[in-house]
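This report describes the fold, the nonpolar cores and one pocket of a single chain. Please consult the sequence and the model shown here.

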Amino acid sequence: KHLLASLDQSLRRMRLDYVDIFYSHCPDPDTRLEETMSALATALQSGRALYIGLSKYPLKRLKKAVKILKDLGVRCLIHQVPYSLLQREYETEGSLDWTEQEGLGNIIFSPLAQGMLTEKYLGGALPTDSRAALPHGFLQKDQVDTRRPVLQELADLAGAQGIPLHHMALRWTLHHRRVTSAIIGARNVQQL
């Protein structure tokens, strides 16, 4: 109910009849997977979405969700995951291999690890306008501080190739044959 109501509200706000891809972002542990997949199938079959995607589903749940969708006559087109030089869990758990075998694409988000794979965090002090300088959010100061040695090594490696760290990080991500596309998540025009 909530997925479809949310989709309908978004369509009204955007003044659209449908969206290209409708995602289930993270499985809800309090909702049966069959119920969520049924809502996605309804969005597709009612014409409110052209394609269905899943986001941040661990491999075991992803396999089950894709099977449920298939049984409902719906093809899952894409899986969206965070993936970067610093965050490779979906690779090591086998999700990227499995999606390739199943013909699903992988849209990557946070390929710059929320800005850690830019020159922004190479200095000693946090930039006051950075995500890690905020008291809340996904990226915290201690995460940056513990990774500074690795960030510097990666920056040195990129520099030896004559490119900035963020170029190397994006090239690495996009070069992966299992990566369909990447969402960079720029917060402003200057970052873009």
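How many helices and strands does the chain have? The chain has 7 helices and 5 strands, taken as DSSP runs numbered from the N terminus (helices H or I, at least four residues; strands E, at least two). Along the sequence they follow the pattern α-β-α-β-α-β-α-α-β-α-α-β. This is a predicted model, in which local features need pLDDT of at least 70 and side-chain atom pairs count only at pLDDT 80 or more, while totals for chains, interfaces and linings use all residues. Residues are numbered from 1 along each chain as its sequence is written, and side-chain values use heavy atoms, with hydrogens and water left out.

Of the 192 residues, 40% count as buried (under 20% relative accessible area, 1.4 Å probe, protein chains only). The largest nonpolar core (buried Ala, Val, Leu, Ile, Met, Phe, Trp, Tyr and Cys residues joined through side-chain atoms within 4.5 Å) has 25 residues; among those touching the most other members are Phe22, Leu40 and Leu54. The following elements each supply at least two residues of this core:

| Element | Residues |
|---|---|
| Helix H1 | 2-14 |
| Strand S1 | 19-25 |
| Helix H2 | 33-45 |
| Strand S2 | 49-55 |
| Helix H3 | 59-71 |

A second, separate core of 15 residues includes Leu86, Met116, Ala158 and Met168.

Leucine 40 has contacts (heavy atoms within 4.5 Å) with Phe22, Tyr23, Ser24, Ile52, Gly53, Leu54 and Leu69, leaving aside residues up to four places away in sequence.

How values were computed: Buried means under 20% relative accessible area, exposed over 50%, partly exposed in between (1.4 Å probe, protein chains only).
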